[in-house]
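The following exercises are intended for a reader who has the sequence and the three-dimensional model at hand. Please attempt each task before reading its solution.

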Amino acid sequence: MRLAHISDLHITTGSGAPGLVRSDAVARARALVKDVSEFPGLDLVVITGDTVNDARAEEYDVLAEVLAGLNVPCVIIPGNHDNRVHLRRLVPHQAYADPELLHHLWQCDHVRVLALDSLSPGEVGGRLLAPQLDWLADQLTRPFDGHTLVALHHPPCAAAMGTLDGPILIEGHLALRDLLDSQDRPATVLCGHLHRPFTARFGHTLVSAATSTAFQFALDLQAEDEPPTAPEPFHYNIHILGADGSHVIHQRFPDL
Ligand SMILES: [Fe+2]
């Protein structure tokens, strides 16, 4: 089973406040979707939030058009720049576990993705509250012999990135860690939000953070202020999840 992980497309129509977002963000998102679609043998794409920049309906119209070219199943969860109602309309056939929040399960053969909704309206940081953690706990008690991946926008642990480590997952992270550590097999967390790729160990769990097509922060491990953006080569990760329990992660550098 092959899974591509992308994040933080920050689709904008240009009429909002672009901030750090590159002027070619939509074109880069479109090129990324094309690359993912043309890469042979992918079974799933996981998009870990911040699909658009200003949570406006017209941005979701553009996002729908960008994602229309995707030819593999897709799991999408919200980030702090998203709007749940608009995101629901984007994926009308998706069954969610809650009438408001967008957490849900995607499962196929020996892989399950527990997609979480860490959006906390009005905040940059994210929260997982008791009802969603209860749902996660219930899912984890169900018999399953395979890979467990948890997808959420906000990193559950710091990335040694100074001020950027503040508004990550600010509530529910310890409960998440303990729930995942209680499992026989180590889980993998897929996240975004920091606009910087990194890998971390969180309890027994491997955390893999995707960067953004819209902008990437420079690597500054001592930054007291937000670091500048850096025009570094973009990459996304392809996770190869074997039925024998193997897990290989490759980096793909598309020409955006
Ligand atoms: Fe973002």
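The exercises below concern a predicted model, and each task is followed by a worked solution.

**Exercise 1. The iron site**

Identify the protein donors of the iron ion, state how they are spaced along the chain, and classify their arrangement.

Solution.

Step 1. List the donor atoms. The iron ion is held by the OD atoms of D8 and D50 and by the NE2 atoms of H10 and H195, at 2.0 to 2.2 Å.

Step 2. Place the donors on the sequence. Their spacing follows the pattern D-x1-H-x39-D-x144-H. Within this set, H10 and H195 link distant parts of the chain, being 185 residues apart. H10 belongs to the loop between β1 (2–6) and α1 (25–38), whereas H195 belongs to the loop between β9 (188–191) and β10 (198–202).

Step 3. Examine the angles. The 4 donor atoms subtend angles of 89 to 175° at the iron ion, and the arrangement is therefore irregular. For a tetrahedral assignment, all angles would have to lie between 85 and 135 degrees. For comparison, the ideal angle for four tetrahedral donors is 109.5 degrees.

**Exercise 2. Backbone and burial of two iron donors**

Determine the sign of phi for H10 and for D50, and decide whether each residue is buried or exposed.

Solution.

Step 1. Read the backbone angle of H10. Its phi is positive, about 50°, although H10 is not a glycine.

Step 2. Read the backbone angle of D50. Phi of D50 is likewise positive, near 50°, and D50 is a residue other than glycine.

Step 3. Locate D50. This residue sits in the loop between β2 and α2 (57–67).

Step 4. Apply the cut-off for burial, which is under 20% relative accessible area. H10 has a relative accessibility of 1% and therefore counts as buried. D50, at 2%, also counts as buried. A further donor, H195, is buried as well.

**Exercise 3. A buried aspartate**

Which backbone nitrogen atoms does the side chain of D117 reach, and where does D117 lie?

Solution.

Step 1. Locate the residue. D117 is part of the loop between β5 (111–115) and β6 (126–127).

Step 2. Assess its exposure. Its relative accessible area is 1%, so D117 is buried.

Step 3. Find the polar partners. A polar atom of the D117 side chain lies 2.9 Å from the backbone nitrogen of L102. The D117 side chain also reaches the backbone nitrogen of L119, at 3.1 Å.

**Exercise 4. A buried histidine**

State where H110 is found and which backbone nitrogen its side chain reaches.

Solution.

Step 1. Locate the residue. H110 occupies a position in the loop between β4 (104–108) and β5.

Step 2. Assess its exposure. Its relative accessibility is 17%, so H110 counts as buried.

Step 3. Find the partner. The side chain of H110 reaches the backbone nitrogen of A243 at 3.4 Å.

**Exercise 5. The enclosed cavity**

How many cavities of 30 Å³ or more does the structure hold, and which residues line the largest cavity?

Solution.

Step 1. Count the cavities. Searching the whole structure yields 1 cavity of 30 Å³ or more.

Step 2. State its volume. The largest cavity has a volume of about 60 Å³.

Step 3. Name the lining. The residues are H5, I6, S7, A209, A210, T211, F234, H235, Y236 and N237. Two or more of the lining residues come from each of the elements β1 and β12 (236–241).

Step 4. Sort the lining by class. There are 5 nonpolar and 5 polar residues, with no charged residues.

**Exercise 6. The two pockets**

Describe the volume and lining of the largest pocket and of the second largest pocket.

Solution.

Step 1. Take the largest pocket. It contains about 340 Å³ of space. Of its 19 lining residues, V124, H193, F215, F217 and E226 are the closest to its centre. The lining divides into 9 nonpolar, 8 polar and 2 charged residues.

Step 2. Take the second largest pocket. It contains about 180 Å³ of space. It is lined by 14 residues, with H147, P186, T188, G245 and H247 nearest its centre. Strand β7 (residues 147–151) gives the largest share of this lining, 3 residues. By class, the lining has 5 nonpolar, 7 polar and 2 charged residues.

Step 3. Consider T188 individually. T188 belongs to strand β9, and its relative accessibility of 6% means that T188 counts as buried.

Methods. Residues are numbered from 1 along each chain as its sequence is written. This is a predicted model: local features need pLDDT of at least 70, side-chain atom pairs count only at pLDDT 80 or more; totals for chains, interfaces and linings use all residues. Side-chain values use heavy atoms; hydrogens and water are left out. Donors are N, O and S atoms within 2.8 Å of the metal (3.2 Å for Na, K and Ca); water is not among the atoms, so sites may look incomplete. Four donors count as tetrahedral if all angles lie between 85 and 135 degrees; four count as square planar and six as octahedral if opposite donors are over 155 degrees apart and all others between 65 and 115; anything else is irregular. Helices (H or I, at least four residues) and strands (E, at least two) are DSSP runs, numbered from the N terminus. Buried means under 20% relative accessible area, exposed over 50%, partly exposed in between (1.4 Å probe, protein chains only). On a 1 Å grid over the protein atoms alone, a cavity is a set of points where a 1.4 Å probe fits but cannot get out, and a pocket is an open set with protein on both sides within 12 Å along at least five of seven lines; lining residues have an atom within 4 Å of a point. Grid points are joined across faces, edges and corners, and a volume is the space filled by probe spheres set on the points. Ala, Val, Leu, Ile, Met, Phe, Trp, Tyr, Cys and Pro count as nonpolar, Asp, Glu, Lys and Arg as charged, and the others, Gly among them, as polar. A polar contact is a pair of N or O atoms within 3.5 Å; within protein, one must be able to donate a hydrogen and the other to accept it, and residues adjacent in sequence count only if both atoms are side-chain atoms.
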